[in-house]
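Biologist: I should like a close look at a single part of this structure, followed outward into its surroundings. Please set out the account as one connected answer.

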Amino acid sequence: MMVAILVVTSIVILVIGYLIAISSRDVIRLLISLEIMFASLFFALIPLFSIENLTTIAFGIAVIAIFTSGCELMALISSIILLDRKTKTTATDSIKVGGVK
Amino acid sequence: MDVTTLSLLMIGIIAMLSACGSLITRDNLYSALYMSITLILAAAAYAVFGISPVLILIVLIFVGAIGAVTVVLASTHRYITPEISVAGPVWGIPAIVTMFIIGFVIFIRVPYDIRISYDWTAILDSFASEYVILTTFVVTLIVIMVMALVKFVRREGV
């Protein structure tokens with residue numbers, strides 16, 4: 001029952017995160033959608049702790065997930081600040097190309 | 001249905017509702033605030049099972065650091081001007097009363113068992129086991145972030 005609640009919550013929040021990402025018009029809303037997706041990931045991680053032999057591994061996975069996603073989000077925040085400094089806007093329309101030429 | 005399942009169900013429902021609020025609202029500031037509530041509730045789900053290290057990490061890193069920066073970013077880049085003015089001392093009174101009630105209830109209900117130890121060998125052993133790993137992660141994160149920022153700024157300067 002508890003696992004079902006966690007999985008359903010995780011899936012619903014993940015879908016909402018995707019919907020926010022699709023409907024976003026500026027990069028700040030995109031950042032918010034990513035953070036909501038990571039919240040769904042944290043909900044999905046909890047059942048791992050219920051398996052007795054996997055508790056240590058689950059904690060390791062949780063720590064790595066928290067730090068790597070934190071790094072990723074901080075990189076995105078830096079990019080948003082630099083985008084705002086260059087283009088004076090945070091709208092997604094202002095991003096013309098992706099990747100490196 | 002026991003208390004744990006019921007509290008988990010409540011946390012899940014409120015988390016889904018706050019995520020929906022983040023989707024529906026047009027203002028980035030409120031969207032970021034709803035997002036923070038979702039993250040706090042994700043951490044609260046860990047608290048239900050007593051997994052306090054992950055709870056602290058999520059609250060400190062996601063809600064405390066990244067969530068706060070996101071709220072600041074969202075509040076500085078707003079297309080919608082705020083309609084409700086919170087200026088004036090009247091708004092502070094209910095906030096102070098609420099803080100007092102919450103603090104008093106926590107002080108009364110939570111059985112604190114704080115023991116200050118001066119046994120330096122035990123402190124060093126405890127530090128060497130877990131905190132060194134966490135500190136290494138934090139230092140690595142900060143170094144990577146600063147290096148990436150310097151690289152970005154240099155490239156922009158050129």
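Modeller: In this predicted model, S10(A) is located in helix α1 of chain A. Its relative accessibility is 8%, below the 20% limit, and S10(A) therefore counts as buried. Apart from residues up to four places away in sequence, S10(A) touches S40(A), F43(A) and A44(A).

The helix that holds S10(A) has 22 residues. From the first C-alpha of α1(A) to the last, the distance is 32 Å, close to the 32 Å expected at 1.5 Å a residue. Besides S10(A), the buried residues of α1(A) are I5(A), L6(A), T9(A), I13(A), I16(A), G17(A) and I20(A). Viewed down the axis of α1(A), these buried residues fall within an arc of 135°, so they line one face of the helix. They pack against α2 of chain A and also against α1 and α2 of chain B.

F43(A), one of the residues touched by S10(A), leads from this helix towards the other chain. When neighbours within four places in sequence are set aside, the contacts of F43(A) in chain A are L6(A), T9(A), S10(A) and I13(A). In chain B, F43(A) is in contact with I11(B), A15(B), T38(B), L41(B), A42(B) and A45(B).

F43(A) also belongs to the largest nonpolar core, which has 54 residues. The members that touch the most other members are F42(A), F43(A) and I66(A) from chain A, with Y46(B), V54(B), I58(B) and F62(B) from chain B. Two or more residues of this core come from each of α1, α2 and α3 of chain A, and likewise from each of α1, α2 and α3 of chain B. The element that gives the most is α3(A), with 11 residues. As a general background, nonpolar side chains in soluble globular proteins tend to be buried together.

Two of the chain B contacts of F43(A), I11(B) and A15(B), are among the buried residues of α1(B). The others in that helix are T5(B), L8(B), G12(B), M16(B), S18(B), A19(B), G21(B) and S22(B). The cover over the buried residues of α1(B) includes α1 and α2 of chain A together with α2 of chain B. Helix α1(B) spans residues 3-24, and its 22 residues should extend over 32 Å at 1.5 Å a residue; the end C-alpha atoms are 31 Å apart, which agrees.

For the two chains as a whole, 49 residues of chain A are in contact with 50 residues of chain B. Between them the chains bury about 4300 Å², and 82% of this area is on carbon and sulfur atoms. The rule finds 0 salt bridges across the interface of chain A and chain B.

Chain B itself contains 5 helices and 0 strands, in the order α-α-α-α-α along the sequence. Of its 158 residues, 26% count as buried. Among the contacts in chain B with a separation of 6 or more, 51% join residues 24 or more positions apart.

A last point concerns K88(A), which lies in the segment after α3 of chain A. K88(A) is not a glycine, yet its phi is positive, at about 60°. With a relative accessibility of 68%, above the 50% limit, K88(A) counts as exposed, whereas S10(A) counts as buried.

Note on methods
Residues are numbered from 1 along each chain as its sequence is written. Chains are lettered from A and ligands numbered from 1 in the order in which they are written. This is a predicted model: local features need pLDDT of at least 70, side-chain atom pairs count only at pLDDT 80 or more; totals for chains, interfaces and linings use all residues. Side-chain values use heavy atoms; hydrogens and water are left out. Helices (H or I, at least four residues) and strands (E, at least two) are DSSP runs, numbered from the N terminus. The expected span of a helix is 1.5 Å times one less than its number of residues. Buried means under 20% relative accessible area, exposed over 50%, partly exposed in between (1.4 Å probe, protein chains only). Contact means heavy atoms within 4.5 Å. The arc is that of the directions from the helix axis to the C-beta atoms. A nonpolar core is a set of buried Ala, Val, Leu, Ile, Met, Phe, Trp, Tyr and Cys residues joined through side-chain atoms within 4.5 Å. Buried area is the accessible area (1.4 Å probe) that two parts lose on being put together, summed over both. A salt bridge is a side-chain nitrogen of Lys or Arg within 4 Å of a carboxyl oxygen of Asp or Glu.
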